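Me: I would like to learn how to read a model like this one, feature by feature. Could we start with the ligands and then move to the protein itself?

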Amino acid sequence: MTATEHFDVIVIGTGAGGGTLAYRLAPSGKRILLIERGDYVPREKDNWSTKAVNLQGKYNTKEVWRDAEGRELHPHTNYWVGGNTKFYGAALFRLRREDFGEIKHWGGLSPAWPISYEDLEPYYSQAEHLYQVHGRRAEDPTDPPASAPYPHPPVSHEPRMQQLSDDFARLGLKPFHVPLGVMLNEQNPRASRCIRCETCDGHPCLVYAKADAQVLCVDPALGYPNVTLLTGAYVSRLETGPSGRDVRRVVVEREGATAIYSADVVVVSAGAINSAALLLRSANDKHPRGLANGSDVVGRHYMGHVNSVLMAVSKCPNPTVFQKTLALNDFYFGAKDWDFPMGHISFVGKLDGDTLRAGAPAIAPGWTLELMAKHSLDFWLTSEDLPDPSNRVSVDRAGNIVLSYQPNNEEGHTRLIEKLKGLMKQQTKCRVHGHECHEGLFARSLYLGQRIPLAGVAHQNGTIRFGHDPKTSALDVNCKAHEVDNLYVVDASFFASSGAVNPALTVMANALRVGDHLLERLK
Ligand SMILES: Cc1cc2nc3c(=O)[nH]c(=O)nc-3n(C[C@H](O)[C@H](O)[C@H](O)COP(=O)(O)OP(=O)(O)OC[C@H]3O[C@@H](n4cnc5c(N)ncnc54)[C@H](O)[C@@H]3O)c2cc1C
Ligand code: SF4
């Protein structure tokens, strides 16, 4: 097969990594081809329908994966221009400075990254500007040092969230405003693109006010005549030249036909699971275990965080519309009674009956799902899982994805849940029910938790780790494959450890960093 068209750079995937990289490279004048398996998310009322999005999974991929036992897995992931940022909650956190070093956890060691926080810091600031992050520095006690303030003020709390924030502060904690990528202007609501609605987290934004990779990166990049986007284009394989040292052909399945493209530099950014699968599918004589996989790490060390959604139900309703404004990191590195990291406490978007029906927690006695959702505070708890080589992505003979995962490092998460339970019992009296509003309900165990199952791959990372040593990593510090001279990976695959905050801002910042490296290389 001969290549049909040659580019300076091909970027595979247009999410947090690929989209951001395209934005950085676009002004260079280099010929850039973006290859995306999905299409644009259609703009339609269903964008904001919890029934369509959460219950019917309208925008989820229908692809079926398998788990280690061969059982079907219906992954909660999305293949569209902008990738999963079209659906994310836009909580845009930096990793903590300490996350870049080695950290001792209850379940083992979280390894150090091959770069320091200071290496990434300038790019975090750039990414916060690009993705219009709203927040307030130094409220969060674990906040790493930053060279610039957030570009926008924090998103304010609605009254119930402010009350909870005050309660936490009264207990000596340091609640803070979640850094959020929404184009909200609270000072001038008429000029605000964002209307602060209840269907943000998990939903595409109908009015393009979410700071996602399509709106802020891919579309502006396409304003340059040197950038081309192919949608509905699935990259099935990468082929090298005879030496195995360079990718010569990018094999694309589109509209029932196979097309071949080539480029001086090929960047894979298909998401941590799909990127690993692509390299594994691309095994050849020179790379028998998968492309760039002499180390045998490709696909391994899959991480996705230990996550729980916990509903605290009270007699009083929770009328909050936009709930994802408040977070706590007081237990991120441990507590007085526990020396190991526990993790991060924040919120999901406000749950409703339809959303609950999709993942149905046990119904509290005497409640309906609708009523529970009206009376709940819906917490999202994240703890770090550790990179275990046997937690891995592999492909079966037909090239289909198999995801094998055993949760680890769970004790910190269990203790984090206990901490939250303890805090919720100490809320101030409510005017109508007094302490009975909260404490009484907790005493009757109306406190419902659900661990996110394996199909919840939202925070996938770590499957093509970067590092100094080609024996233990697949990528070098610039995210170039050790074994292939023109192959890079810029999605969440490169993570050496996962920290316990949401991953997207780190993916974006790193894409800008690798972008600068590529601009030098392509000069
Ligand atoms: C519901 C939800 C809520 C989330 N909330 C947050 C949050 O609040 N904060 C946060 O930091 N993170 C959040 N995340 C996670 C965040 O979206 C991801 O960390 C981020 O998008 C990862 O970026 P990526 O570039 O690695 O992959 P993606 O953004 O997933 O992009 C990968 C792209 O590659 C394309 N692709 C895949 N395979 C191929 C192929 N073979 N050929 C061509 N194209 C391909 C996909 O279609 C996709 O566009 C959330 C995720 C979900 C699903
Ligand atoms: S309008 Fe604002 S809150 Fe609603 S989906 Fe868009 S960005 Fe999110």
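**Reading the ligand sites and the fold**

Reply: Start with a polar contact: a backbone N or O atom of Arg37 lies 3.2 Å from a nitrogen atom of ligand 1. Keep in mind that this is a predicted model.

Me: Which other polar atoms lie close to ligand 1, at 3.2 Å from an oxygen atom or 3.3 Å from a nitrogen atom of the ligand?

Reply: A polar backbone atom of Ala90 is 3.2 Å from an oxygen atom of ligand 1. From the side chain of Asn502, an N or O atom is 3.3 Å from a nitrogen atom of the ligand. The protein covers 94% of the 990 Å² of accessible area that ligand 1 has on its own.

Me: How many residues surround ligand 1, and which are the closest?

Reply: The count is 37, and the closest are Gly17, Glu36, Asn84, Ala91 and Ala504. By class, the shell holds 17 nonpolar, 15 polar and five charged residues.

Me: Which element gives the largest share of that shell?

Reply: Strand β9 does, with three residues.

Me: What does the shell around ligand 2 look like by class?

Reply: There the split is 10 nonpolar, one polar and two charged residues. Of the 13 residues around ligand 2, the nearest are Cys194, Ile195, Cys197, Cys200 and Cys205. When reading such a tally, remember that cysteine is counted as nonpolar.

Me: Now the protein. How do I read burial, and is Asn274 buried or exposed?

Reply: Look at the relative accessible area; under 20% is called buried. Asn274 has 8%, so Asn274 is buried. This residue lies in helix α6, which spans residues 272-281.

Me: What does Asn274 touch?

Reply: Setting aside residues up to four places away in sequence, Asn274 touches Arg37, Trp65, Tyr79, Ile401 and Gln460. With Tyr79 there is also a polar contact between the side chains, at 2.9 Å. Arg37 is the residue whose backbone N or O atom lies 3.2 Å from a nitrogen atom of ligand 1.

Me: Why is α6 described as largely enclosed by the rest of the structure?

Reply: Because 10 of the 10 residues of α6 are buried. Among them are Ala272, Ile273, Leu278 and Arg281.

Me: How do I read a strand, and which way do the residues of β14 point?

Reply: Follow the side chains along the strand and note the direction of each. In β14, residues 344-347, His344 and Ser346 point one way while Ile345 and Phe347 point the other, and all are buried. Next, look at the partner strand: β14 and β15 run antiparallel and are joined by four bridges. Across that pair, Phe347 stands opposite Phe379 in β15.

Me: In what order do the strands of the open sheet with β4 and β16 run?

Reply: The order is β4-β3-β17-β16, four strands with mixed pairing. To find the edges, look for strands that pair on one side only; here these are β4 (72-73) and β16. Strand β16 is joined by four bridges to β17, residues 401-404, and the two run antiparallel. In this pair, Arg392 stands opposite Ser404.

Me: Where is Asn391, and what is it in contact with?

Reply: Asn391 sits in the loop between β15 (376-383) and β16 (392-395). A loop residue can be checked for burial in the same manner: at a relative accessible area of 2%, Asn391 is buried. Beyond its neighbours within four places in sequence, its contacts include Gly299, Arg300, Tyr302, Ser404 and Asn408.

Me: Why would a positive phi be worth noting?

Reply: Because most residues other than glycine have a negative phi. In this model, Ala292 has a phi near 65°, and Asn409 has one of about 55°.

Me: Where do Ala292 and Asn409 lie?

Reply: Ala292 is in the loop between α6 and β12 (306-313), and its relative accessibility of 3% makes it buried. Asn409 belongs to the loop between β17 and α9 (411-425). With a relative accessible area of 7%, Asn409 is buried.

Terms used. Residues are numbered from 1 along each chain as its sequence is written. Chains are lettered from A and ligands numbered from 1 in the order in which they are written. This is a predicted model: local features need pLDDT of at least 70, side-chain atom pairs count only at pLDDT 80 or more; totals for chains, interfaces and linings use all residues. Side-chain values use heavy atoms; hydrogens and water are left out. A residue is near a molecule or strand if one of its heavy atoms lies within 4 Å of it. A polar contact is a pair of N or O atoms within 3.5 Å; within protein, one must be able to donate a hydrogen and the other to accept it, and residues adjacent in sequence count only if both atoms are side-chain atoms. Accessible areas come from the Shrake-Rupley method with a 1.4 Å probe; for residues, only the protein chains shown count as cover. Buried means under 20% relative accessible area, exposed over 50%, partly exposed in between (1.4 Å probe, protein chains only). Contact means heavy atoms within 4.5 Å. Two strands pair if DSSP finds at least two bridges between them.
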